[in-house]
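Trainee: I'd like to go through this one with you and test the labels. Can you show me the structure, and I'll keep asking what backs each term?

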Amino acid sequence: MTLQTQVKINSIDVTNYLVSYETEADFGSAIGSVSLKFHRGVSAILTPEIYQRIEIWRGFSTPTDEKIFDGFIDTFLPE
């Protein structure tokens, strides 16, 4: 089985534009921060801005089995 992932920003599914993501744990197993990297095409459906909500889900049977992160954009670096 393959681990599946779904990423939403402001309730918009941006999973197809996701290149990679990296998590940083705080206090044991809780995820404290996430760095996300997207294809430039994400700007066709969303303009990322500070304080927009980010949700990351993953699972083996569906990509929404377990929510692993629920937070907000605090830094945005366009390339």
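Trainee: Which residues does I45 touch, leaving out those up to four places away in sequence?

Mentor: I12, D13, V14 and Y17. This is a predicted model, and contact here means heavy atoms within 4.5 Å. I45 itself is in the loop between β4 and β5.

Trainee: What makes I45 buried, exposed or partly exposed?

Mentor: Its relative accessibility is 36%. Buried would need under 20% and exposed over 50%, so I45 counts as partly exposed. As for where that loop residue sits, I45 and V34 are 11 residues apart in sequence and 21 Å apart in space, C-alpha to C-alpha.

Trainee: Q52 is in the loop between β4 (30-38) and β5 (53-59) too. Why is Q52 called buried?

Mentor: Because its relative accessibility is 10%, and the cut-off for buried is under 20%. As for its surroundings, Q52 touches I9, N10, L46, T47, G71, F72 and I73, with residues up to four places away in sequence not counted.

Trainee: What does the side chain of Q52 reach, and how do you know that it is a polar contact?

Mentor: The side chain of Q52 reaches the backbone nitrogen of E49 at 2.9 Å. The limit for a pair of N or O atoms is 3.5 Å, so 2.9 Å passes.

Trainee: On to the sheet. How do you know that β1 and β5 pair?

Mentor: Pairing takes at least two bridges, and β1 and β5 have six, in the antiparallel sense. Two examples: the partner of Q6 in β5 is W57, and K8 stands opposite E55.

Trainee: And what makes β5 and β6 (residues 66-72) a pair?

Mentor: Six bridges again, antiparallel, with at least two required. R53 stands opposite F72 in β6. β5 and β6 form a hairpin with six residues between them.

Trainee: Which strands are at the edges of the sheet, and why?

Mentor: The open sheet has four strands in the order β2-β1-β5-β6, with antiparallel pairing. β2 (12-13) and β6 each have a single partner strand, so one side of each is left without a neighbour in the sheet.

Trainee: Now the charges. How do you know that R53 and E55 form a salt bridge?

Mentor: The N to O distance is 3.8 Å, and the rule asks for a Lys or Arg side-chain nitrogen within 4 Å of a carboxyl oxygen of Asp or Glu. So 3.8 Å is inside the limit. By this rule the count comes to four salt bridges.

Trainee: Which salt bridges does K67 form?

Mentor: One is with E55, with the closest N and O atoms 2.9 Å apart. K67 lies in β6 and E55 in β5, so that pair ties together parts 12 residues apart in sequence. Another is with D70, at 3.1 Å between the closest N and O atoms. Sharing of partners joins R53, E55, K67 and D70 into one network.

Trainee: Which of these is buried, and which are partly exposed?

Mentor: E55 has 11% relative accessibility, so it counts as buried. R53 at 34%, K67 at 32% and D70 at 39% are partly exposed.

Trainee: Last one: why is M1 called exposed?

Mentor: Because its relative accessible area is 85%, and exposed means over 50%. M1 lies in the segment before β1 (4-9). M1, L3 and F60 form a nonpolar surface patch, with about 380 Å² of accessible area together.

Key:
Residues numbered from 1 in each chain as written. Predicted model: local features only at pLDDT ≥ 70, side-chain atom pairs only at ≥ 80, totals over all residues. Heavy atoms only, no water. Buried < 20%, exposed > 50% of the residue type's maximum accessible area, 1.4 Å probe, protein only. Polar contact = N/O pair within 3.5 Å; in protein donor to acceptor, adjacent residues only side chain to side chain. Patch = residues over 30% accessible without salt bridge, like charges linked within 9 Å, V, L, I, M, F, W, Y side chains within 5 Å. Areas by Shrake-Rupley, 256 points an atom, 1.4 Å probe, with all protein chains shown as cover.
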